[in-house]
Amino acid sequence: MKKKYTESQEQTARFAKAMGHPARIAILQFLASQPCCFFGDIHDVLPIAKATVSQHLKELKDAGLIQGTIEPPKVKYCINRENWELARSLFSGFFMSRNEKKNS
């Protein structure tokens with residue numbers, strides 16, 4: 001019988017993988033500091049090419065950490081608040097459980 005990972009382990013790993021690049025952390029920090037913004041605003045604060053910004057945005061969107069709304073001819077991005085709170089809870093629980101084991 002094959003052992004399976006829990007849903008929270010799968011989700012935590014998905015969020016961690018999506019956050020596993022400094023540009024994505026910078027994007028998340030930028031988006032978390034405001035309600036929403038357009039692609040050009042994000043590109044202006046990062047020292048990388050537009051195509052690379054697009055790739056990072058896609059990874060964050062696929063993981064559910066951000067959402068994009070098409071407002072022709074632009075795309076507006078913002079934090080997916082529901083998944084942001086889920087990620088906070090999952091990571092908090094993960095790190096708390098490790099600290100409790102260490103202190104035992």
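In the predicted model, Leu31 touches Cys37, Ile42, Ile66, Tyr77, Cys78, Ile79 and Arg81, with residues up to four places away in sequence not counted. Leu31 also belongs to the largest nonpolar core, which has 20 residues. Within this core, Leu31, Ile42, Leu57 and Ile66 are the residues with the most contacts. At least two core residues each come from helix H1 (7-18), helix H2 (22-32), helix H3 (39-45), H4, strand S3 (74-79) and helix H5 (81-103). Two of the partners of Leu31, namely Ile42 and Ile66, are thus named again among the residues with the most contacts inside the core.

The protein as a whole contains five helices and three strands. Read from the N terminus, the order of these elements is α-α-β-α-α-β-β-α. Along the principal axes, the C-alpha atoms occupy a box of roughly 55 × 35 × 25 Å. Of the 104 residues in the protein, 29% are buried. When contacts between residues at least 6 apart in sequence are considered, 54% of them join residues at least 24 apart.

The exposed surface of the protein amounts to about 7,400 Å², and 56% of this area is supplied by carbon and sulfur atoms. The side chains include 16 positive and 10 negative ones. The centres of the two charge sets are 6 Å apart.

Leu65 is located in the loop between helix H4 (50-62) and strand S2 (66-71). Its relative accessible area is 1%, and Leu65 is therefore classed as buried, the cut-off being under 20%. Apart from neighbours within four places in sequence, the residues in contact with Leu65 are Phe15, Ala18, Met19, Leu28, Leu60, Ile79, Asn80, Asn83 and Ala87. Ile79 appears in this set and also among the residues touched by Leu31. Ser54 lies 11 residues from Leu65 along the chain, and the C-alpha atoms of the two are separated by 15 Å.

A further loop, between S2 and S3, holds Pro73. The peptide bond that joins Pro72 and Pro73 is cis, with omega at about 0°. In general, most peptide bonds are trans.

Definitions and conventions
Residues numbered from 1 in each chain as written. Predicted model: local features only at pLDDT ≥ 70, side-chain atom pairs only at ≥ 80, totals over all residues. Heavy atoms only, no water. Helix = DSSP H or I, 4+ residues; strand = E, 2+ residues; numbered from the N terminus. Buried < 20%, exposed > 50% of the residue type's maximum accessible area, 1.4 Å probe, protein only. Contact = heavy atoms within 4.5 Å. Areas by Shrake-Rupley, 256 points an atom, 1.4 Å probe, with all protein chains shown as cover. Lys, Arg positive; Asp, Glu negative; His and termini not counted. Charge placed at Lys NZ, Arg CZ, Asp CG, Glu CD. Core = buried A, V, L, I, M, F, W, Y, C linked by side-chain atoms within 4.5 Å.
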